[in-house]
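Trainee: Please take a close look at the aromatic pairing in this model. I should like to follow the reasoning from the rings outward to their surroundings.

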Amino acid sequence: MISLTTNLELRDLKLIKFQYNSPQSGKFESMEIISSLPMGAEEVIEMGAWRWRSTETEFRTLQHEIVLI
């Protein structure tokens, strides 16, 4: 049995499901985002994409600059 308790303060949450073309595989992949931002789905997806790119770029930079002794 699964019990789900909701928080009325979070009732403005939106579940956004979308597909994108993955540069690594060249195939369409699915993603889901839960957001409480007061903007449309496209804006939330674009903001998430920029955030994801910057996080991945920073991780890649750190990964290549760390030298193990």
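Mentor: A residue counts as buried under 20% relative accessible area and as exposed over 50%, with partly exposed in between. Please keep in mind that the model is predicted.

The structure holds one aromatic pair. Its members are Phe18 and Tyr20, whose ring centres are 6.4 Å apart and whose planes stand at 50° to each other. Two numbers are given because a pair of aromatic rings is described by the distance of the centres and the angle of the planes. Rings pair if their centres lie within 6.5 Å, so 6.4 Å qualifies. The label of the pair is tilted, because planes under 30 degrees apart would count as stacked and planes over 60 as edge-to-face.

The two partners fall into separate accessibility classes. Phe18 has a relative accessible area of 17% and is therefore buried. Tyr20 has 28%, so it counts as partly exposed. For the wider setting, 9% of the 69 residues of the protein count as buried. The protein exposes about 6900 Å², and carbon and sulfur atoms supply 58% of that area.

Next comes the fold around the pair. The protein has one helix and two strands, and these elements run β-β-α from the N terminus on. Strand S1 covers residues 14–21, strand S2 covers 28–35 and helix H1 covers 41–65. Among contacts with a separation of 6 or more, 14% join residues 24 or more positions apart.

A residue of the helix leads back to the pair. Ile45 lies in helix H1, and beyond its neighbours within four places in sequence it is in contact with Ile16 and Phe18. Ile45 has a relative accessible area of 23% and so is partly exposed. Between Ile45 and Ser35 the C-alpha to C-alpha distance is 9.8 Å, with their positions 10 residues apart in sequence.

The segment before S1 offers another link, for Asp12 lies there. With a relative accessible area of 57%, Asp12 is exposed. Apart from neighbours within four places in sequence, its contacts are Ser35 and Ser36. Asp12 and Ser36 are 24 residues apart in sequence, yet their C-alpha atoms are 5.8 Å apart in space.

The last part of the surroundings is the largest pocket, with a volume of about 710 Å³. Its lining comprises 23 residues, and those nearest its centre are Met31, Gly48, Ala49, Trp52 and Arg53. S1, S2 and H1 each supply at least two residues of this lining. H1 gives the most, with 12 residues. By class, the lining has 11 nonpolar, six polar and six charged residues.

To return to the starting point, the pair joins Phe18 and Tyr20 in a tilted arrangement, and Phe18 is also a contact of Ile45.

How values were computed. Residues are numbered from 1 along each chain as its sequence is written. This is a predicted model: local features need pLDDT of at least 70, side-chain atom pairs count only at pLDDT 80 or more; totals for chains, interfaces and linings use all residues. Side-chain values use heavy atoms; hydrogens and water are left out. Rings of Phe, Tyr and Trp (its six-membered ring) pair if their centres lie within 6.5 Å; planes under 30 degrees apart count as stacked, over 60 as edge-to-face and the rest as tilted. Buried means under 20% relative accessible area, exposed over 50%, partly exposed in between (1.4 Å probe, protein chains only). On a 1 Å grid over the protein atoms alone, a cavity is a set of points where a 1.4 Å probe fits but cannot get out, and a pocket is an open set with protein on both sides within 12 Å along at least five of seven lines; lining residues have an atom within 4 Å of a point. Grid points are joined across faces, edges and corners, and a volume is the space filled by probe spheres set on the points. Helices (H or I, at least four residues) and strands (E, at least two) are DSSP runs, numbered from the N terminus. Ala, Val, Leu, Ile, Met, Phe, Trp, Tyr, Cys and Pro count as nonpolar, Asp, Glu, Lys and Arg as charged, and the others, Gly among them, as polar. Contact means heavy atoms within 4.5 Å. Accessible areas come from the Shrake-Rupley method with a 1.4 Å probe; for residues, only the protein chains shown count as cover.
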